[in-house]
Each structure stands twice: as structure tokens, then as C-alpha cells.
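Work through the exercises below with the sequence and coordinates at hand. Each task is followed by a stepwise solution.

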Amino acid sequence: MPRASPLACLLLAACGAASSQPPLPAGTKADRLLVDKSDRVLIAYAGSREIVRYTGIRFGDMPTGHKQFEGDERTPEGRYTISGRNPKSAYHLSLRISFPGAADRAFAKAKGRSPGGDIFIHGQPNAWPGPPIARDWTDGCIALSNAEIKQLWDLVPDGIPITIQP
């Protein structure tokens, strides 16, 4: 029996990963997002119904704990909103998270520090030629595959709430 080449196996695995999310009916929109950092999952909901789940998501280089200061490479925890989008992102597409909130700014100010900002849900670096990066690598953002961020981009209107749990 002939054996498959390693390249063929890699290509088949990549095709399977890209199509791991079932297509959704046209016009489907989420009204809230939930991120569970410990389970590495992002779930989009419409009402009480889960419409899509992304697993194996990636965070900042220091994934445990709430983002407190600029440069701490942590991903925020708490309740925020999707406050905008960038179709020309350096990371395929990106959805802005409204961090820092008032409490985040007040905490950092009391410590004489900046809370940071520019926290997004985004895809892979545009110059990255390979499969999705399989480790925590952002500066505090939430990273998905390019196929996943494209699907999420189409599902998520600006202004919906996002809860990020430890």
C-alpha cells in the first residue's frame, strides 16, 4: 500500500482545519460574545442560542490574569464591547475590544502606569505563511485563524458585549 507524503498530510490537515466551522445561514448575527480563557474558547450567541464556537484560541504571552498595564502581555478579563473593526489590520482582520474601561484606567493611574489599549480579536500576521500559530503570541489580544476571524467578522456587529472570563 502506498504511503502518503508528509506534505500531502500537512495539506490535508490544513484543509480540514480551515473548514472546521460549519457555514451559517446568510444574515446570521451574534448579539454577544463569551471568551473563556481557561478553556481557550470563544463563543458567539444570538439570544440564548450558541451559533459558533472557536476552540484553541490564543492570547498574550502571559495568558493568566487580567491585563493591568501596557506591556504586561496579558489579555483583559471582564465585560467590554466590540467597539470597532479594522479591515486593513496587520493581522488579517481585527475587531476592537473596548479595553481599557473606566476601572482599568483608574487602577493603572493609581499605580502611575498606563493601562495600555489596542486590544483586538484578530487573525494571523499578514506576513505569516504557515498554519495558525500554535502558542500564545499576542501582546494581549485574542488570536484566531484567518478563516475563523473572517467568519466572526461577518457575524459580529459593532457595539455588542463581550465577556472575557478567567
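**Exercise 1: Strand pairing**

Strands S1 (residues 32-36) and S2 (residues 41-46) are antiparallel partners, joined over five bridges. The model is a predicted one.

Task: Determine which residue in S2 stands opposite Val-35, and in which sense, parallel or antiparallel, S1 runs to strand S8.

Solution:
1. Opposite Val-35 is Leu-42 in S2.
2. S1 and S2 make up a hairpin with four residues between them. In its turn, Arg-40 has a positive phi of about 55°.
3. S1 also pairs with S8 (residues 161-165); the two run parallel and share four bridges.
4. In that pairing, Asp-36 has Gln-165 of S8 as its bridge partner.
5. Four of the five residues of S1 are buried, so the strand is mostly covered, with buried meaning under 20% relative accessible area.

**Exercise 2: Salt bridges**

Task: For the pairs Glu-77 with Lys-37 and Asp-158 with Arg-85, find the N to O distances and classify each residue as buried or partly exposed.

Solution:
1. Glu-77 and Lys-37 form a salt bridge at 2.9 Å, N to O. Glu-77 sits in the loop between S3 and S4, Lys-37 in the loop between S1 and S2, 40 residues apart.
2. Glu-77 has a relative accessible area of 17% and is buried; Lys-37, at 6%, is also buried.
3. In the salt bridge of Asp-158 with Arg-85, the closest N and O atoms are 3.0 Å apart. Because Asp-158 lies in the loop between helix H3 and S8 while Arg-85 is in S4, this pair ties together parts 73 residues apart in sequence.
4. Asp-158 is partly exposed at 44%, and Arg-85 is partly exposed at 29%.

Notes:
Residues are numbered from 1 along each chain as its sequence is written. This is a predicted model: local features need pLDDT of at least 70, side-chain atom pairs count only at pLDDT 80 or more; totals for chains, interfaces and linings use all residues. Side-chain values use heavy atoms; hydrogens and water are left out. Buried means under 20% relative accessible area, exposed over 50%, partly exposed in between (1.4 Å probe, protein chains only). Two strands pair if DSSP finds at least two bridges between them. A salt bridge is a side-chain nitrogen of Lys or Arg within 4 Å of a carboxyl oxygen of Asp or Glu.
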